[in-house]
Amino acid sequence: MMGRVSLVLVWGFWILMIATTATIGTQTTSLRRVHRNAYATMMYMGTPRDYEFYVATRVMLRSLTRLGVEADLVVIASLDVPLLWVRTLEQEDGAKVVRVKNLNNPYCINPNWRFKLTLNKLYAWSLVDYDKVVMLDADNLFLQKTDELFQCGQFCAVFINPCIFHTGLFVLQPSKKVFNNMIHEIEIGRENQDGADQGFIGGHFPDLLDQPMFYPPSNGTKLQGNYRLPLGYQMDASYYYLKLHWSVPCGPNSVITFPGAPWLKPWYWWSWPVLPLGIQWHEQRRLTLGYGAEMIAVLIQAIFYLGIIVVTRLARPNLSKLCYRHEDSKSIFLLRTGLKLIAIWSILAAYTVPFFVIPRTVHPLVGWSLYLLGAFALSCITVNAFLLPMLPVLVPWVGILGALLVMAYPWYNDGVVRAMSVFAYAFCASPALWTAIVKIKSSLNVSLEREGFLPKLSESTAPAGSNKLY
């Protein structure tokens, strides 16, 4: 028993060491330089994930700086973006922040829709101080320098869908005339297929699919007109998951985009190993921004969980000290039923609560380690309180760890083999999970029904029919 406790304590202190190390990020602050071109992104408030996108924006800006791009970095920020964030973007990340008023979205029906303010992206056409602007979403992961995009024409974008170009990255030539025309189209309610920026901009450049492919001239000449960009400038992460390597034939493999569900964005700690590319984004963050902002919360949680483990192993409390058996069979039945429900919900809470309290943007290795530590600690409370056997309660814990190892295995031939391996693991593990559930149920029944758990008091020590809880 003491050996197991020592192993868990060592594991917990290992998490603390990772957290402490992760606080030391590479802080690179570049001097503000004026260029004729710019990489721009936007930031607005009003979604449950504002902070996560703020972190993603900072990582993208610093990764561009680290690649040595020869362009200004611009953030189009709505007026309600916190001033602290604005100062951080300007002073630490070397960005030029342009404060703008949110554009009204007449196509938005649901006020809580996460795309309701994406029309702010149109402000990119108002950046007339620059010759060309590459407009970016925060979920772009740059693999190499892409300054050749500034040689493209008046508008250039990538078709990751056969018929609809993607507005996660596009090149534009700023123009007050184009910007004013777009604002006028919003005011008159021009048709918008999706109600967001992609449908609106797609409607403004309906013939882009018929335009030639962009190939940057070797002599640096700047092209005129509109062009389609090669797919290598917006490689959809879902393409990678099929083959587990990039094989995009047209153009350089320069930029990865993650256009899927918001809770599958790469900056969340659970993104890896569920999504193999999540670790690449976090490697970019480790090399640029670091993880100091979240590590205080990680350290506090780790210490808290270690304290729970120590207390439960030493004190070993249980509910047998809290209950006296009631003479009324109906009352004791209700009491036992209530305790069973509490025990079941306690086990479920042990595996769900740690997931939701971990800072969302920590490194996956720290996040999963902290989750497993938290699930183990809270499971110890349930085991000791209800006199349950440790192993069946920890079967889901072992199963989750095994699933993570199966998904993280780095030598799969392709994504299909990986998916089949995960499915096979789940199929083989399900009997063990079912056996653990049966064992827990049986142990719970025994614990609640035996005399030791609900001792009957003699009439000399308690009045008949008494029901004392303390």
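Ala-157, in strand β6, stands opposite Arg-228 in strand β8; strands here are DSSP runs of E with at least two residues, helices are runs of H or I with at least four, and both are numbered from the N terminus. The model is a predicted one, so to speak only of what was computed: local features need pLDDT of at least 70, side-chain atom pairs count only at pLDDT 80 or more, and totals for chains, interfaces and linings use all residues. Residues are numbered from 1 along each chain as its sequence is written, and side-chain values use heavy atoms, with hydrogens and water left out.

Back to the strands. β6 (residues 155-158) and β8 (residues 226-229) run parallel and are joined by four bridges; two strands pair if DSSP finds at least two bridges between them. With β7 (residues 166-172), β6 pairs in the antiparallel sense, again over four bridges, and Cys-156 sits opposite Val-171 of β7. Both faces of β6 are covered, too: Phe-155 and Ala-157 are buried on one side, Cys-156 and Val-158 on the other. Buried means under 20% relative accessible area, exposed means over 50%, and partly exposed lies in between (1.4 Å probe, protein chains only).

Another buried spot turns up in helix α11 (residues 364-385), where Ser-379 is found. Ser-379 has a relative accessible area of 1%. Setting aside neighbours within four places in sequence, Ser-379 is in contact (heavy atoms within 4.5 Å) with Ala-350, Tyr-351, Val-393 and Leu-394.

Next comes a pair of helices. The axes of α2 (residues 50-67) and α3 (residues 83-91) come within 11 Å and cross at roughly 10 degrees. Axes are lines fitted to C-alpha atoms, for helices over the stretch in contact, and angles run from 0 to 180 degrees between N-to-C directions. The two helices are therefore roughly parallel to each other, the label for angles under 35 degrees (over 145 is roughly antiparallel, 65 to 115 roughly perpendicular, and the rest oblique). In this contact, Asp-50, Tyr-51, Tyr-54, Arg-58 and Leu-61 of α2 meet Trp-85, Thr-88 and Leu-89 of α3. These residues divide into five nonpolar, one polar and two charged; Ala, Val, Leu, Ile, Met, Phe, Trp, Tyr, Cys and Pro count as nonpolar, Asp, Glu, Lys and Arg as charged, and the others, Gly among them, as polar.

As for the whole protein chain, there are 13 helices and ten strands. Of its 470 residues, 49% are buried.
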